Amino acid sequence: MNKPNDEEWGMYDGQCVGCDVYGRVNDLGLCEECADKLERDLIRKRDWDYSASAFGLSADDREQLRRQIIARHGEKMELIAPSENRHKKQHRRSSHGSPSPRHSGA
Ligand SMILES: [Zn+2]
């Protein structure tokens, strides 16, 4: 058996953007574990275009795959944040409660 070693293709040494662990990450900057989570999240979201495991599957097969994922891992997103608008909070310090009246020397 000449099994192609495709386990490590496209893996780099780096820091995982998902869990901040240093190690082997893929081209998305995710370690294997987070890549798996992302994969499941994509399937939960039915982002079939981005899901490697859904590639080439029929719509029925994809739905079945999705049900399996949810049955096994739950419905909750693991890596991708729920798609609510996450505005980056800017730390704006408004000088509050200390009025400094400026006398313009009138
Ligand atoms: Zn990770």
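1. A word to start with: two residues are "in contact" if their C-beta atoms, placed from the backbone, lie within 7 Å. Take Leu42 as a first try: skipping its neighbours within four places in sequence, Leu42 is in contact with Asp47, Tyr50 and Ser51. For the whole chain, look at the contacts with a separation of 6 or more: 27% of them join residues 24 or more positions apart.

2. Before going on, some ground rules. What you have above is a predicted model, where local features need pLDDT of at least 70, side-chain atom pairs count only at pLDDT 80 or more, and totals for chains, interfaces and linings use all residues. Residues are numbered from 1 along each chain as its sequence is written.

3. How far should you trust the picture? pLDDT is the predictor's confidence in each residue, from 0 to 100. The chain has a mean pLDDT of 83, with 68% of its residues at 70 or more. Among the elements, the lowest mean belongs to β1 (93) and the highest to α2 (97). Where pLDDT is low, don't read the predicted coordinates in detail.

4. Now the layout. Helices (H or I, at least four residues) and strands (E, at least two) are DSSP runs, numbered from the N terminus. The chain holds 2 helices and 2 strands, and going along the sequence you meet them as β-β-α-α.

5. Let's look at the strands. Two strands pair if DSSP finds at least two bridges between them. Here β1 (residues 12–15) and β2 (residues 22–25) pair in the antiparallel sense over 4 bridges. To spot one of the partners, find Gln15 and go across to Tyr22 in β2.

6. Which residue in the hairpin of β1 and β2 takes a positive phi? Asp20 does, near 65°, and the hairpin has 6 residues between the strands. Note that Asp20 has this positive value while being a residue other than glycine. You'll find Asp20 in the loop between β1 and β2.

7. Time for burial. A residue is buried if 20 or more other C-beta atoms lie within 10 Å of its own, exposed if 12 or fewer, and partly exposed in between, with C-beta atoms placed from the backbone. So Asp20, with 9 other C-beta atoms within 10 Å, is exposed. Asp13, in strand β1, is exposed because it has 8 other C-beta atoms within 10 Å. Across the chain, 14% of the 106 residues count as buried.

8. Two pairs are worth finding on screen. Asp13 and Cys31 sit 18 residues apart in sequence, and their C-alpha atoms are 9.4 Å apart in space. Met11 and Gly23 are 12 residues apart in sequence and 9.5 Å apart, C-alpha to C-alpha. Met11 lies in the segment before β1 and is partly exposed, because 15 other C-beta atoms are within 10 Å. Leaving aside neighbours within four places in sequence, Met11 is in contact with Arg24, Val25 and Asn26.

9. Helix α1 covers residues 32–44, which is 13 residues. The expected span of a helix is 1.5 Å times one less than its number of residues. For α1 the expected figure is 18 Å, and the helix reaches 18 Å from its first C-alpha to its last. Its buried residues are Cys34, Ala35, Leu38, Glu39, Arg40, Asp41, Leu42 and Ile43, and what covers them includes α2 (59–73).

10. Where do the nonpolar residues gather? A nonpolar core is a set of buried Ala, Val, Leu, Ile, Met, Phe, Trp, Tyr and Cys residues joined through C-beta atoms within 7 Å. The largest one has 10 residues: Cys16, Val25, Leu30, Cys31, Cys34, Ala35, Leu38, Leu42, Ile43 and Ala54. α1 gives the most to this core, with 5 residues. As a general tendency, nonpolar side chains in soluble globular proteins are buried together.

11. After α1 comes Arg46, with a positive phi near 60°, although Arg46 is not a glycine. Arg46 is in the loop between α1 and α2, and it counts as partly exposed because it has 13 C-beta neighbours inside 10 Å.

12. Last, α2. Its 15 residues should span 21 Å, and its end C-alpha atoms are 21 Å apart, which agrees. Is α2 mostly buried or in the open? The number buried is 1 of the 15 residues, so α2 lies largely in the open. Gly74 follows α2, with a positive phi near 90°.
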